[in-house]
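Let's take a friendly walk through this structure together. Have the sequence and the 3D view open as you read.

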Amino acid sequence: MSELLATAGTIAAIATAVVPQQGSVGIVRVSGSQAMDIAQRLFRAPGRQIWESHRILYGYIRHPQTQQLVDEALLLIMKAPRSYTREDVVEFHCHGGIMAVQQVLQLCLESGARLAQPGEFTLRAFLNGRLDLTQAEGIADLVGARSPQAAQTALAGLQGKLAHPIRQLRANCLDILAEIEARIDFEEDLPPLDDKVIISEIENIAAEINRLLETKDKGELLRTGLKVAIVGRPNVGKSSLLNAWSRSDRAIVTDLPGTTRDVVESQLVVGGIPVQVLDTAGIRETIDRVEKIGVERSRRAASAADLVLLTIDASAGWTAGDREIYEQVQHRPLILVLNKIDLVENGRTKSLEYPSNINYAVQTAAAQNQGIDDLEKSILKIIRLEKVQAADMDLAINQRQAAALTKAKISLKQVQATIAQQLPLDFWTIDLRGAIQALGEITGEEVTESVLDRIFSRFCIGK
């Protein structure tokens, strides 16, 4: 058994972020058969407060041997099965910071609990039937959400909006399997199968699987975000563009070429998609050692970015330096940003020349906060999300779920091929069972220890 599956005993962990002088409240969570005993051992509730489920008690946490006061706190009691894990759960709500929660956690461990593994509370919720795997993954996505839309999509998964269609597809496959196996077992008592009906039902299931698979790219964008690098020659307005876009003074702006010496980062949200924007040092040949390091980092940032914003000075036109940078980044998805358009004489904007194979070009005047909306529209267009509304993003599968759906799709195609070859009914069931198993892997009806390890090891400790 893996460490994650060795869930016997009572577990404890800090369930809130521990940041010095930042958090006002810190929570220590305990789950398991000894949770109530540990709470009664450590917590003193003055007066006649009632120790029963779903009550909050006020009191003091003391060392069980020395009776030394550790913290003034609240105790939340949730007895099985009405808890997150469907086990007895208690939470010590302490003062925030470092020392209080760490001391309380240590007392819980000394009183019989063990430190929880990453994701072990949610793993217990799954193993105890409180959640299915899609809901568990929705919790992880919600914790890690970097935009409101990502959070909404995660909540949709948590509410079962993905599990429901998956279970329905699996039920449909099971119905087909039952029909086939009935003909195998009772061939003489039942009418023969209608091949066309079976094929039609399989096609309908495959079509729904394809619809779900189409949400994979959207889901990945919501979860991981988009990395965008602003590159160009020195003094073309890259830092001004970042400042205008982020509505802040993230980058230093001067008239001196080479002001930006390192990569400056800003986190934005465009059309519900988290975007990490990297303002890079101007790319040029230089003998300055520090600037040379910055230029090299700019090149690395461009090569690792999902999207490059090649920024040029529109008043200077397309230069040999711009072409040299373009040749280095043209293999990446690219938008040409014609900045400083306010400095271009009237009538010259249409005559600006640049390579004809650049499909996306945007005019901006970053110093005047102009053109940012057009830039964001072009970004959404290049990632093919310009027509996607919030409602369309509610359902978005992850890579694991996409792999299982693809496996189910392949199995169903093989069933169709088997039918077309007029092979015996026993052969039909082989790949049909494969599709059923693949669909079951998504929600957890069919699951292996390695899959659970892979999913829950990504969780933070305490969740």
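## Two cysteines

Cys108 counts as buried, because its relative accessibility is 0%. Please keep in mind that the model you are looking at is predicted. Cys94 counts as buried too, at 3% relative accessibility.

Are these cysteines bonded to each other? Let's look at the sulfurs. The structure holds zero disulfides. For Cys94, the nearest cysteine sulfur is that of Cys108, 8.4 Å away. A disulfide calls for sulfur atoms within 2.5 Å, so Cys94 and Cys108 do not form one.

## Salt bridges

How many salt bridges does the structure hold? There are 16 of them, and three make a good tour.

Start with Glu87 and Arg124, whose side chains meet at 2.9 Å, N to O. This pair links distant parts of the chain: Glu87 sits in the loop between β5 (69-78) and β6 (89-95), while Arg124 belongs to helix α3 (residues 120-127), 37 residues apart. Glu87 is buried, with a relative accessible area of 18%, and Arg124 is buried at 2%.

Next, Arg167 and Glu445 form a salt bridge at 3.4 Å, N to O. Arg167 lies in helix α6 (residues 163-185) and Glu445 in the loop between α14 and α15, so this bridge ties together parts that are 278 residues apart in sequence. Arg167 is partly exposed at 39% relative accessibility, and Glu445 is partly exposed at 40%.

The third pair, Glu208 and Arg211, meets at 2.9 Å, N to O. Both lie in helix α7 (residues 195-213), and because they are three residues apart, about one helical turn separates them. Glu208 is partly exposed, with a relative accessible area of 22%, and Arg211 is partly exposed at 40%. Elsewhere, salt bridges with shared partners join Glu87, Arg114, Glu120 and Arg124 into one network.

## A buried threonine

Thr429 is part of helix α14 (residues 425-443). What does Thr429 touch, leaving aside residues up to four places away in sequence? Its contacts are Leu177, Ile180, Glu181 and Ile184. Thr429 is buried, with a relative accessible area of 9%.

## The largest pocket

The largest pocket holds about 660 Å³ of space. Its lining is made of 31 residues, and Glu137, Ala140, Asp141, Arg223 and Asn398 lie nearest the centre. Elements giving two or more residues to this lining are α4 (133-143), α5 (148-158), α8 (216-224), α13 (399-420) and α15 (449-456).

Which element gives the most to the lining? That is α4, with six residues. By type, the lining residues divide into 13 nonpolar, 10 polar and eight charged.

Terms used. Residues numbered from 1 in each chain as written. Predicted model: local features only at pLDDT ≥ 70, side-chain atom pairs only at ≥ 80, totals over all residues. Heavy atoms only, no water. 1 Å grid on protein atoms, 1.4 Å probe; cavity = no way out; pocket = protein on both sides within 12 Å on 5 of 7 lines; lining within 4 Å. Points joined across faces, edges and corners; volume = space filled by probe spheres on them. Helix = DSSP H or I, 4+ residues; strand = E, 2+ residues; numbered from the N terminus. Nonpolar A, V, L, I, M, F, W, Y, C, P; charged D, E, K, R; others polar. Buried < 20%, exposed > 50% of the residue type's maximum accessible area, 1.4 Å probe, protein only. Contact = heavy atoms within 4.5 Å. Salt bridge = Lys/Arg side-chain N within 4 Å of Asp/Glu carboxyl O.
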